[in-house]
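I opened the model and kept notes as I went. The entries follow the order in which I looked things up.

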Amino acid sequence: MRAVVYDAIGAAPVVRDVPDPVAPEGGVVVEVRATGLCRSDWHAWVGHDEISLPHVPGHELAGVICSVGEGVEGWSVGDRVTVPFVEGCGACDWCHSGNAQVCPFQEQPGFTHWGSFAQFVALHSAETNLVRVPDGVSFEAAAALGCRFATAWRALTDRAQVRAGEWVTVVGAGGVGLSCVMIGKAMGAKVIAVDRNLGALDAATAVGADVTVAAEGSDVPPLVHELTLGGSHVSVDAVGTEDTCADAILSLRRRGRHVQIGLLPSVAGHPRVPMSRLIAWELDLLGSHGMAAVDYPAMMARIASGDLRPESLIERVVGLEEAATLLPTMDRAVVSGITMIDPARPGSPAARP
């Protein structure tokens, strides 16, 4: 099969022929019809995650089952599927309680094993992790769910438990940030989107943001406190830097809830977080690490009804060759939505109609 591969941390990714995957026991092989290019893929490429080399990235995907491993009973060749980026083992207490997203024995395509920047990808523990894609939901929309959209859904509905009428401040209007904006509005919240990229703020307005704040040259927390008459009820760091995390936390009102979605790696130790404010104002600090497959039906129902439109967050669709070029630039790319990869697509990028 054709796949995006890199042979060393930080080495230039290339597209080349590699062996087709084999369905693991209890798992399947999926023909990839769409897969998202995510900043988390860049984190692995730059060495923030432990991976085996050579490596094929990619963890947001949707496609069609083309091979079924021994022991799989509920899935067949030809089924349209997607999968959370965390593949729970299906046997531990966390998986049995419906929390496969924190399974201590988890697999992750594009991290613990070869991922979906390829024509085919192997997926583990099919009975626990596969999600059926309804005929009315496109592969592109389904692929957007596996990391960014599902993480945003669970962050707001389960972790922060956003209520109608509350203020939600989303710092970062990339794929996961725009997902938070769309979902927050669907929940009846008033949403502030913060980003340094004016194009991203325009995209946030298009998906429902009530207010946008240009982060470049602005002191974000005082602006949010003024706009919300005391601070936001909920904040989300959808980027993952010390500055964006601090801006999000300091934008909260007393007893507010912060959800950290953006990864916070640091080469010089743990990142600094304004813990004094956390203590003095009794803020809740919450993590959100994707969403288990058992929790997908409620989200899928809102998508199928048209209340949520993850496909509208897709900025462009590219082929594998262009994806290989774009991956090393993810930390400095100016994006206004999700970049989706079609492994069957030749040539250069094209805007999604």
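**Entry 1, a proline in a loop.** I began with Pro54, which sits in the loop between helix 1 (39–46) and strand 4 (60–68). Helices here are DSSP runs of H or I with at least four residues, strands are runs of E with at least two, and both are numbered from the N terminus. The peptide bond that joins Leu53 and Pro54 is cis, with omega at about -5°.

**Entry 2, ground rules.** The model is predicted, so I noted that local features need pLDDT of at least 70 and side-chain atom pairs count only at pLDDT 80 or more, while totals for chains, interfaces and linings use all residues. Residues are numbered from 1 along each chain as its sequence is written, and side-chain values use heavy atoms, with hydrogens and water left out.

**Entry 3, overall build.** I counted secondary structure and got 12 helices and 16 strands. The radius of gyration is 19 Å, close to the 20 Å of the globule rule for 353 residues, so the protein is as compact as a globular protein of that length. That radius is taken over C-alpha atoms, and the rule is 2.2 Å times the number of residues to the power 0.38. Along the principal axes, the C-alpha atoms fill a box of roughly 55 × 40 × 40 Å. Of the 353 residues, 55% count as buried. Buried means under 20% relative accessible area, exposed over 50%, and partly exposed in between, with a 1.4 Å probe and protein chains only.

**Entry 4, positive phi.** I looked for positive phi values next. Ser125 has phi near 45°, and it is not a glycine. Ser125 lies in the loop between strand 6 (120–123) and helix 3 (126–129). Arg255, also not a glycine, has a positive phi of about 65°. Arg255 belongs to strand 12 (residues 252–260).

**Entry 5, helix 5.** How far does helix 5 (residues 145–159) span between its end C-alpha atoms? I found only 17 Å, where a straight helix of 15 residues would span 21 Å at 1.5 Å a residue. The expected span is 1.5 Å times one less than the number of residues. Of the 15 residues of helix 5, 12 are buried, so the helix is largely enclosed by the rest of the structure. Among the buried ones are Cys147, Phe149, Trp153 and Leu156. Arg148 and Arg154 are also on that buried list. Just after helix 5, Gln161 takes a positive phi of about 50°.

**Entry 6, cysteines.** How many disulfides are there? The count is zero, with a disulfide taken as a pair of cysteine sulfur atoms within 2.5 Å. For Cys180, the nearest cysteine sulfur is that of Cys147, 11 Å away. Cys180 is buried, at 0% relative accessible area. Cys66 is partly exposed, at 35%.

**Entry 7, salt bridges.** I searched the whole structure and found 13 salt bridges, each a side-chain nitrogen of Lys or Arg within 4 Å of a carboxyl oxygen of Asp or Glu. One of them joins Asp79 and Arg132 at 3.4 Å, N to O. The two are 53 residues apart, with Asp79 in the loop between strand 4 and strand 5 (80–82) and Arg132 in strand 7 (residues 131–132). Asp79 is buried at 16%, whereas Arg132 is partly exposed at 46%.

I came back to Arg255 here, since its side chain meets that of Glu282 in a salt bridge of 3.3 Å, N to O. This pair also links distant parts of the chain, 27 residues apart, with Glu282 in the loop between helix 10 and strand 13 (284–287). Arg255 is exposed at 58% and Glu282 is partly exposed at 48%.

A further salt bridge pairs Asp331 with Arg332 at 3.4 Å, N to O. Asp331 is partly exposed at 31%, while Arg332 is exposed at 55%. Salt bridges with shared partners also join Arg163, Glu166 and Arg257 into one network.

**Entry 8, helix 11.** Ser305 is in helix 11 (residues 296–305) and is partly exposed at 47% relative accessibility. Ser305 and Gly136 are 169 residues apart in sequence, yet 9.8 Å apart in space, C-alpha to C-alpha.
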